[in-house]
Amino acid sequence: MRAWLFLVFLIVFFEIWARVAYGSSFILNVYNLQSISVFATAPLLLALGQTFVIISAGIDLSLGFIMGFASVIAAHTANYAAAQLGLPPFAAMIVAIATGTALTIIPGLVNGALIAHLRVPPFIGTLGMYGVARGAAYLFAGGMTVAISNPWYSAIGNNRVLGVPVVVILTAIACLIMHYLLSQTRFGQHTYAMGASQAAARRAGIRIKRLTMKIYLLSAVMAGVAGAFYTGRFSAGAAQAGEPLLLDSIAAVVIGGASLFGGSGTIWGTVAGALVIAVIQYGLVFIDVEPFWQFIAVGTVIIISVLVDQTQRRFTGGRQVE
Amino acid sequence: MSDVTQAAAGPILSAPILSVRGISKHFGGVQALHKVSFDVHAGEVVALAGDNGAGKSTVIKAISGVFQHEGGEILLDGRRVDFSSPQEARDHGIETIYQDLALADNLSIGANIFLGREPMTRRFGFLPAIDRKKMAAAAKATMGLLDFHVSRLDAPVSAFSGGQRQAVAIGRAIFWNARLVIMDEPTAALGVPEQRKVIALIQSLKAQGRGVIFISHNLRDIFEVADRIVVFRRGENAGERRPHETTSDEIVRMMVGK
């Protein structure tokens, strides 16, 4: 809820600024709404998977380059399917999205196996995968962006239905599915339990290793979806597609109220966190502030979120995990 | 060993729920357990006493399926069992409550009772979802049995006191109809009033006809609640006594060797 309050506060701030400085509205402006929501989709898709990882008391640093890897694979597949297999654009797009997303199963499983079976700390294991995925993405891309010319695929990335961008609709569906998984299924419930106490979860008969594999698999696949969408949005695959988004994804989860110690967090909190970041970034450009202030503003919001979280814990007598 | 035979021949009418017969366990070169035996009957509280490293924790881990024992046998209702996991022991009605409680602090009482075995329902007629209503109702009923009435069934267990959390762990055992409840130092981390509450909980388990194995360093608690005290020393049986037939001095002598 805190993140939603933050969001309202920011919107009110930019709204007043827009009215005073430009005599126009910030939020009652279809173009602004479309831009902010599209802007939020990629970090949000990464943050959805990251939410599960962070609730389980882990961290996934490899998501940004897994996204880039998927983006490059999807672009190559779209071109190959059209040129070599002679598939029509729509079918080529489907094959491309499916292949780009499906191949992220590999880094996801490797992350999971490193952490669950080889007991590598998540920070280190996924840092290793960060490097591997980065290298693989650039190698597959040949060091360049991979342009596609597929009208269907580009339409998915840029068209709107009744004014709502298609990627926003698809991301909203992803949010609903992830919310369902986290809040209504055993998988989600066990993720919370594991984050609070791995020993307690194990003693309750939860198979921690399998659960860990599933969590990192899910986060990699969500990064794959983000990469596949990226290729549509920019009509090109790029290895660096997710490079600046990794920290945004972690920030969105933390601003959304999750604890980096695990055990808490929600999908709707993460959605609000991602919107907070998008509104700050877009809003500062809107009011003509130098873009570098975005970093300072987002950084400040992260710090405030963590401070509020800690204060709250102290007052509710919640367990302090060292 | 003669003490064991004597106690088994004592005035107990029912057959034992659990019978541990001459089990051993070693870790590398260390003999953690050597031919350890004891019985637990329905409605009986058996206290395991012994110094650190005497083998109390090892024996309960063997019973609860954490370790596989070597030699000897464990009989449940007279039938030999060999558990390969804690889950299997639990499926046979043996619940273990650990010192550090093994609760997920961020989840509600109901969610903790059902952790790993969540009941499912269907949302909108098709979507499988965890049945939180059922979990809350079960939590309320079970905690009521323990005379522990909670108003906030959705609150995480971190919001409750140590004794209340112990009650949640015991409630989980009761809900799953455990016939044998193993408690490892259940009072160690608690203040005095809370310790009294846990002693009362153990007595209510006993009154419900469940068998209880109780490990404690606190001889006062042991004397208050146990029907029988099984003493271990260096991984072996050092004797068995009934509380009204012995003194804490004698138990301590048995623990450290005469």
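**Exercise 1.** Find how many residues of chain B are in contact with chain A, and describe that side of chain B.

*Solution.* In chain B, 17 residues are in contact with 19 residues of chain A (contact: C-beta atoms, placed from the backbone, within 7 Å). The model is predicted: local features need pLDDT of at least 70 and side-chain atom pairs count only at pLDDT 80 or more, while totals for chains, interfaces and linings use all residues. Residues are numbered from 1 along each chain as its sequence is written, and chains are lettered from A and ligands numbered from 1 in the order in which they are written.

Next, take the elements (DSSP runs numbered from the N terminus: helices, H or I, of at least four residues; strands, E, of at least two). On the side of chain B that touches chain A, α3 (86–91) and β8 (127–130) of chain B each supply at least two residues. The largest share, three residues, comes from α3(B).

**Exercise 2.** Check the span of helix α7 (residues 192–207) of chain B, then find its buried side.

*Solution.* Start with the span: 16 residues at 1.5 Å a residue should span 22 Å (1.5 Å times one less than the number of residues). The end C-alpha atoms are 23 Å apart, which agrees.

Then list the buried residues of α7(B): Gln195(B), Lys197(B), Val198(B), Leu201(B), Ile202(B) and Leu205(B) (buried: 20 or more other C-beta atoms within 10 Å of its own; exposed: 12 or fewer; partly exposed: in between). Because they cover an arc of only 155 degrees around the axis, they are on the same side of α7(B) (arc: directions from the helix axis to the C-beta atoms).

Last, the face turned away from the buried side carries the exposed residues Val192(B), Pro193(B) and Ala207(B).

Notes. Two residues are in contact if their C-beta atoms, placed from the backbone, lie within 7 Å.
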